[in-house]
Amino acid sequence: MKTHHLPARGPVSAGRHQLWEEKIHDSYRRSAKLRQPAACTGCGAVYRQGRWVRHPDEDAPAGNTLCPACLRLRDHFPAGYVILHGADLGARRGELLRLIRHEEAGRNGKGGDGSAQARVMAIEEGEGEWLVTTTDTHLARRIGEALHRACRGTLDFRYSPGRNLLRVHWTA
């Protein structure tokens, strides 16, 4: 039996066609576009022109599918983790929560770029450590950068190669 090894990236010749290997695998991204307009039964976001957006028009259809963010919420499968370390997290609780929610609001269409996919899934508060999970890697990065701008400290990003996953570590 003959085995074939595919290169890490780039085209593979298969007769007249070329096959491209995925750089990042995201099981929540659809392989085909949805019939438009489509509405999410979970959050009410509307799929128009290839994007999920908030603030649906008056003629928005009844919900008929779940958007990728609602699927991630249902499956408890985050794309971003923001880990906050520090002895004074409890004392700064209000400030930190406002900052996190402000970044979420800026990304999900309440004054931001209109994307309905960037959401905070959960905020778990512990003694000296918090865990914030998000449905979007970009939101996790923005939260980490906002924490660093507002409160200084150290910031570290850890991307998982080939996966749609980001871990952000911020230490006060």
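## Salt bridges and helix α1

The count of salt bridges comes to eight. The model is a predicted one. Three of these pairs are listed below with the separation of their closest N and O atoms.

| Residue | Partner | Closest N and O atoms |
|---|---|---|
| Asp75 | Arg74 | 3.0 Å |
| Asp88 | Arg92 | 3.7 Å |
| Arg141 | Glu145 | 3.0 Å |

Arg141 and Glu145 both belong to helix α3, which spans residues 137–151. They are four residues apart in that helix, about one turn. Arg141 has a relative accessibility of 28% and counts as partly exposed, and Glu145 is partly exposed with a relative accessible area of 27%. A network held by shared partners is found elsewhere: salt bridges join Asp88, Arg92 and Glu95 into one network. Within this network, Asp88 is partly exposed, its relative accessible area being 33%.

The Asp75 pair leads to helix α1. This helix covers residues 68–75, and Asp75 forms its salt bridge with Arg74. Asp75 has a relative accessible area of 34%, so it is classed as partly exposed. The buried residues of α1 are Pro68, Ala69, Cys70, Leu71 and Arg72. The cover over these buried residues includes β5 (51–53) and β7 (120–125). After α1 comes His76, which has a positive phi near 55°.

Methods:
Residues are numbered from 1 along each chain as its sequence is written. This is a predicted model: local features need pLDDT of at least 70, side-chain atom pairs count only at pLDDT 80 or more; totals for chains, interfaces and linings use all residues. Side-chain values use heavy atoms; hydrogens and water are left out. Buried means under 20% relative accessible area, exposed over 50%, partly exposed in between (1.4 Å probe, protein chains only). Helices (H or I, at least four residues) and strands (E, at least two) are DSSP runs, numbered from the N terminus. Contact means heavy atoms within 4.5 Å. A salt bridge is a side-chain nitrogen of Lys or Arg within 4 Å of a carboxyl oxygen of Asp or Glu.
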